[in-house]
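Biologist: I should like to learn how to read a structure of this kind, feature by feature. Could we have it before us as we begin?

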Amino acid sequence: MAIGQKEYDIDIEFRPNEVRELLSVTPEEVETNSELTYVKNVFIPLTTACRYTCTYCTYFDPPGKASLLTPEEIRIIIRKGIELGCTEALFTFGDDPDERYVEIYRRLKELGHSTIHTYLEEMCEMCLEEGMLPHSNPGDQTRDQMERVARVNASMGVMLETVAKVKAHSGARKKDPGRRINTLKIAGELGVPFTTGILVGIGETEEDRAKSILAIRDINERYGHIQEVIIQPVVENERWKGGMPSLESMRKAVSMARYCLPPEVSIQVPPNLASIKNFLDCGIDDLGGISPVTIDHINPEYAWPALRDLESIAADKGVSLKERLPVYNRFIEAGWISRDIRQVIEAKNDIGKKYRKILLD
Ligand code: SF4
């Protein structure tokens, strides 16, 4: 919980028999999927300011050092992405910059904004005008904040990470799992196709992982809006020397997610943080965003593998690799996307044709 913020209850009842059952799952109990999807994207680190200070994170910069991309810089990234066939603009954030970020607020004011959310809205609109589909991850959001930007996003996301209170989130500005759960629920209430996930190895136990997956399942049962769940290992970097999770614990976590979540919810392992050949038999069916333009700004030391290498690893196990859009087909078919997003997908130009081809393939 950050200074001055209200703490939220997780408000989910974990049934001990369900937790036990999930903890007993092994990779042998799930199946290899025949298809693995990915989305071609560009990373747009709108701001590196964040009110929190998670100890494993190299993304945030402290006040005085944090950056805010200008509209011109963002347009250049988007145009380069379109040129190279990208369909998703991944707007990455920390969490709302707090009042310590005086310089960020001064620059926002110069751009005609008093909050990062109204700036995000304008940048997503620009992105749609250019023909690319935004997928924003602005950390925790209030209902008003999400309502403002949902219309201009094909889908959105926030990592739950864990329902446990871990030391890596503590300190003066601690991230509250209850707020993350609240954000997932708001997305469900607003009908936003949503991505979430767990972060493995930040001090949580295996039981915490099972509970985090059960929490995501419960929320999805209520709203049906979760499109994919990322099982992400924490990785060593200049701020985190706490080690990485073992292969065995990652395989277990992926298998638990595949076992517990309904088949229409994809399970993703980021291919720059873990070797996908170790997880195909644990039921993964998505690799998330891969960029021919930008680095992974969250994990800058971990480069994207080449698509042809991923294709060949998957083919060895009889799995095909397939491009998808930032919003899954089932949500488009069921009318979950806004008119603004639909207009881009149905545009009678080359970009629109590309979107429709991906949908039909
Ligand atoms: S992990 Fe996210 S919330 Fe935590 S410090 Fe980094 S950017 Fe902020």
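Modeller: Let us start with a pair of helices, bearing in mind that this is a predicted model. Helix 2 (residues 71–83) packs against helix 4 (residues 116–130) at an angle of about 35°, and their axes are 10 Å apart. The crossing of helix 2 and helix 4 is right-handed.

Biologist: Which residues of helix 2 and helix 4 make the contact?

Modeller: A general point comes before the list. An α-helix has 3.6 residues a turn, so residues three or four places apart point the same way. Here helix 2 contributes Pro71, Ile74, Arg75, Ile78, Arg79 and Ile82, while helix 4 contributes Met123, Met126, Cys127 and Glu130. By class, the residues of this contact are seven nonpolar, no polar and three charged.

Biologist: How does one judge the length of a helix, for instance helix 7?

Modeller: One compares an expected span with the distance between the end C-alpha atoms. Helix 7 (residues 206–223) has 18 residues, which at 1.5 Å a residue should span 26 Å; its end C-alpha atoms are 26 Å apart, so the two agree. The 14 residues of helix 8 should span 20 Å by this reckoning, and its end C-alpha atoms are indeed 20 Å apart.

Biologist: Which residues of helix 7 are buried, and what covers them?

Modeller: The buried residues of helix 7 include the run from Asp208 to Arg217, together with Ile219 and Asn220. Their cover includes helix 1 (16–23), helix 6 (177–190), strand 5 (194–200), strand 6 (226–233) and helix 8 (247–260). Just after helix 7, glycine 224 takes a positive phi of about 65°.

Biologist: How many residues of helix 8 are buried?

Modeller: Ten of the 14 are buried, and helix 8 is thus mostly covered. Among them are Met250, Val254, Met256 and Cys260. The cover of the buried residues in helix 8 includes helix 1, strand 5, helix 7, strand 6 and strand 7 (266–268).

Biologist: Turning to single residues, is methionine 146 buried or exposed?

Modeller: The test counts neighbouring C-beta atoms, and 20 or more within 10 Å make a residue buried. Methionine 146 has 23 such neighbours inside 10 Å and therefore counts as buried. Methionine 146 belongs to helix 5 (residues 143–150). Apart from neighbours within four places in sequence, its contacts are Gln141, Ile186, Ala187, Leu190 and Val192.

Biologist: And is glutamate 346 buried or exposed?

Modeller: A residue is exposed if 12 or fewer other C-beta atoms lie within 10 Å of its own. Glutamate 346 has 10, so it is exposed. Glutamate 346 sits in the loop between helix 11 (339–345) and helix 12 (350–360). From glutamate 346 to arginine 356 is ten residues in sequence and 7.4 Å in space, C-alpha to C-alpha.

Biologist: What is the phi of glutamate 161?

Modeller: Its phi is near 70°, a positive value in a residue other than glycine. Glutamate 161 lies in the loop between strand 4 (155–157) and helix 6. With 25 C-beta neighbours inside 10 Å, glutamate 161 counts as buried.

Biologist: Finally, which residues are around the ligand?

Modeller: One lists the shell, then sorts it by class. The residues around the ligand are Cys50, Tyr52, Thr53, Cys54, Cys57, Tyr59, Phe60, Gly94, Asp95, Gly139 and Lys175. The shell comprises six nonpolar, three polar and two charged residues.

Methods
Residues are numbered from 1 along each chain as its sequence is written. This is a predicted model: local features need pLDDT of at least 70, side-chain atom pairs count only at pLDDT 80 or more; totals for chains, interfaces and linings use all residues. A residue is near a molecule or strand if its C-beta atom, placed from the backbone, lies within 6 Å of it. Ala, Val, Leu, Ile, Met, Phe, Trp, Tyr, Cys and Pro count as nonpolar, Asp, Glu, Lys and Arg as charged, and the others, Gly among them, as polar. Helices (H or I, at least four residues) and strands (E, at least two) are DSSP runs, numbered from the N terminus. The expected span of a helix is 1.5 Å times one less than its number of residues. Two residues are in contact if their C-beta atoms, placed from the backbone, lie within 7 Å. Axes are lines fitted to C-alpha atoms, for helices over the stretch in contact, and angles run from 0 to 180 degrees between N-to-C directions. A crossing is left-handed if the near helix is turned anticlockwise from the far one by less than a right angle, and right-handed if clockwise.
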